[in-house]
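Hi,

Here's the structure I promised to pass on. Have a look at it first, and then read on for my notes on the aromatic side chains and a bit of the surface.

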Amino acid sequence: AIIAANKTIKLQPKHPSGYFVKGIALFRSGSYEKAQAAMTEAIKINPRAIYYSLRGLIYIPQMKWDLALADLNEAIKINPQSYYGHALRGFVYKLQEKWDLALADFNKAIEINPYNDDFNVYENRVEIYEKQEKWDLAIADYSKWIEFESKNINPYTYRGLVYLKQEK
């Protein structure tokens, strides 16, 4: 992927797609600083919400919360209907234990695209519901998660644990 991205960049250095692909590939390989640099180039060429969202994602495993939030806020400013902007910002807020902010973003991400399984918004939201002991909401999200991934054992197992906590 990196070789293909570099070829794209060489052929069209003013087109953001090569930097975008390179940034994703470098992120997946754990080369966060290089991934950040590639995504920054994509943003310089074309400041789209998806590029800001993915650069925000790059900051998350580095625990650079302020930088992640700045980019995710910018993504949402550019495109208020950015699924990735809301889902990722919700994830950052969840990691910071800012439950209400996280829930608001997860709810918005689900409103935008209820069937997108990237960043499993339902799984993230249900973790907050469990911490808040909102069992009925947790069960509803596990059930929705099962609708999307009926062969995944995790939502069945976790929903069963919630039923145990409720002594059902």
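To start with a question: is Y51 buried or exposed? Keep in mind that this is a predicted model. Y51 has a relative accessibility of 5%, so it counts as buried.

Y51 also has company. Its ring pairs with that of F20, with 5.3 Å from centre to centre and 50° between the planes, which makes the pair tilted. F20 belongs to helix α2 (residues 16-28) and Y51 to helix α4 (residues 49-59), so this pair ties together parts that are 31 residues apart in sequence. On top of that, R48 has its charged end over the Y51 ring, 5.3 Å from the ring centre.

The count of aromatic pairs comes to 7. Another one is Y142 with W145: the ring centres are 6.1 Å apart and the planes are at 20°, so this pair is stacked. Both residues are in helix α9 (residues 135-148), and because they are 3 residues apart there, about one helical turn separates them. Y142 and W145 are both buried. There's a cluster too, in which ring pairs link Y115, Y122 and F148.

Now for the surface. Y158, L161 and L164 make a nonpolar patch of about 290 Å². Of these, L161 is located in helix α10 (residues 153-165). L161 counts as partly exposed because its relative accessible area is 42%, between the 20% limit for buried and the 50% limit for exposed.

Cheers

How values were computed: Residues numbered from 1 in each chain as written. Predicted model: local features only at pLDDT ≥ 70, side-chain atom pairs only at ≥ 80, totals over all residues. Heavy atoms only, no water. Patch = residues over 30% accessible without salt bridge, like charges linked within 9 Å, V, L, I, M, F, W, Y side chains within 5 Å. Areas by Shrake-Rupley, 256 points an atom, 1.4 Å probe, with all protein chains shown as cover. Salt bridge = Lys/Arg side-chain N within 4 Å of Asp/Glu carboxyl O. Helix = DSSP H or I, 4+ residues; strand = E, 2+ residues; numbered from the N terminus. Buried < 20%, exposed > 50% of the residue type's maximum accessible area, 1.4 Å probe, protein only. Phe/Tyr/Trp six-rings, centres within 6.5 Å; stacked < 30°, edge-to-face > 60°. Lys NZ or Arg CZ within 6 Å of the ring centre and 35° of its normal.
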